[in-house]
Amino acid sequence: MKALVQSAYGGPDVMGLQDVDRPTPGPGEILIRVRAAGLNPVDFKTREGKLRLVQRYRLPIVMGNELAGVVEACGDRVKRFVPGDRVFARVAKERLGAFADFAAVDEAFVAEMPDDLDFTAAAGVPLAGLTALQALRDELKLKPGSRVFIPGGAGGVGTFAIPIAKWLGAQVTTTASPRGRALVERLGADCVIDYTIERFEERIGDMDGVFDLVGGETLVRAFGVVKPGRKVVSIAEMPEPQTALKDLGRGYGLAALFWLASFRLRRLARKHDAHYRFLFMHPSGAELAELARLIKDGVIEPVVDRVFRFAEIGEAFAYLEAGHAKGKVVVQMSEP
Ligand SMILES: NC(=O)c1ccc[n+]([C@@H]2O[C@H](COP(=O)([O-])OP(=O)(O)OC[C@H]3O[C@@H](n4cnc5c(N)ncnc54)[C@H](OP(=O)(O)O)[C@@H]3O)[C@@H](O)[C@H]2O)c1
């Protein structure tokens, strides 16, 4: 089968399409014929080695974090799926493997696709959708009437975060350039600030929470817009001790390293009487099934910016790496 293989850490030239053996599903695993796979910034950050402290891979490895496809075969003890089911998944972080004609995935990470979604739309849902759900519902605990600030609303995660925050009953303020304004308004943002000409802290304050998708200076300034005692959750900056202990299930060694790395941000948070949290999302078939219901009910409408053929996956990476995607970037595998 064809697969995108990473052979070293570095730039685009360390990855390429190769012929490799089809994986065999182990107990509790499903073999999926991949019809489409979503791209995410984590794909190029992994390739560059930026996440080596969090996840170290034995190379070469088949890349790719999320997919949609059809169940081809089931390993022993698989209970919920049968061959022919249309499914999607955020695959295991330790194993990857979504950029391939076939992938073996733990049943616990898989859910049935919504009936009227096509494979390309479904492939872009799992990673960004689960991240938004886990951040807004489980970390920020948004409730009806909460006021949330989501900088960077027009990208892959933002286009899930806005409708999910609205579904939770929150009032949503986001930032976008003129290129993204119409999209975030269509998704339900109540207030859109053009980050290219305005400083958001001059327009807003007293937020019940921030979900930061941008990092850097944006995150630094965001501490000033939350109410005392509230949380700023980032997915784009520096991990902190809870990232190691809660999200990664790792020990105090890594937590201590993250304590040091996040010292400046935590001190800044304290100065504003706020809390800093860096969330590392986790795969979950059960939560993906919740997202499938929200899609079926029309709460979430997956936004696909561009679809590339599998042979063009290098171009798909370059497009996403440029940092201006509006919604998700997806590659489509050939028809079986
Ligand atoms: N920790 C986790 O578990 C986790 C999970 C998912 C994603 N992430 C991280 O979260 C970040 C966002 O991911 P994504 O998939 O949404 O990325 P993405 O799709 O590449 O985001 C691109 C969008 O960001 C907008 N943007 C860029 N700079 C901005 C700024 N300063 N202010 C407001 N908007 C800005 C761009 O708008 P314009 O082009 O119009 O400027 C573009 O529409 C990445 O760093 C990713 O690695 C982390």
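This report looks at one buried glutamine and at the salt bridges in a predicted model.

Let's start with Gln6, which sits in strand S1 (residues 2-6). With a relative accessibility of 1%, Gln6 counts as buried, because buried means under 20%. The side chain of Gln6 reaches the backbone oxygen of Ala8 at 3.0 Å. Setting aside neighbours within four places in sequence, the contacts of Gln6 include Val14, Met15, Leu59 and Arg47.

Arg47 leads us on to the salt bridges. Side chains of opposite charge can pair when their charged atoms come close. The count for this model comes to 24 salt bridges. Three of them are set out here.

| Acidic residue | Basic residue | Closest N to O distance |
|---|---|---|
| Glu321 | Arg47 | 3.1 Å |
| Glu290 | Arg137 | 2.6 Å |
| Asp208 | Lys227 | 2.7 Å |

Glu321 forms a salt bridge with Arg47. This pair links distant parts of the chain, as Glu321 is in helix H11 (residues 313-321) and Arg47 in helix H1 (residues 41-48), 274 residues apart. Arg47 is buried at 1% relative accessible area, while Glu321 is partly exposed at 29%.

Glu290 pairs with Arg137. Glu290 lies in helix H10 (residues 285-296) and Arg137 in helix H3 (residues 126-139), so their salt bridge ties together parts 153 residues apart in sequence. Glu290 is partly exposed at 25%, and Arg137 is partly exposed at 23%.

Asp208 and Lys227 meet in a salt bridge too. Asp208 belongs to strand S12 (residues 207-212) and Lys227 to strand S13 (residues 226-234), so the pair ties together parts 19 residues apart in sequence. Asp208 is buried at 13% relative accessibility, whereas Lys227 is partly exposed at 27%.

Methods
Residues numbered from 1 in each chain as written. Predicted model: local features only at pLDDT ≥ 70, side-chain atom pairs only at ≥ 80, totals over all residues. Heavy atoms only, no water. Helix = DSSP H or I, 4+ residues; strand = E, 2+ residues; numbered from the N terminus. Buried < 20%, exposed > 50% of the residue type's maximum accessible area, 1.4 Å probe, protein only. Polar contact = N/O pair within 3.5 Å; in protein donor to acceptor, adjacent residues only side chain to side chain. Contact = heavy atoms within 4.5 Å. Salt bridge = Lys/Arg side-chain N within 4 Å of Asp/Glu carboxyl O.
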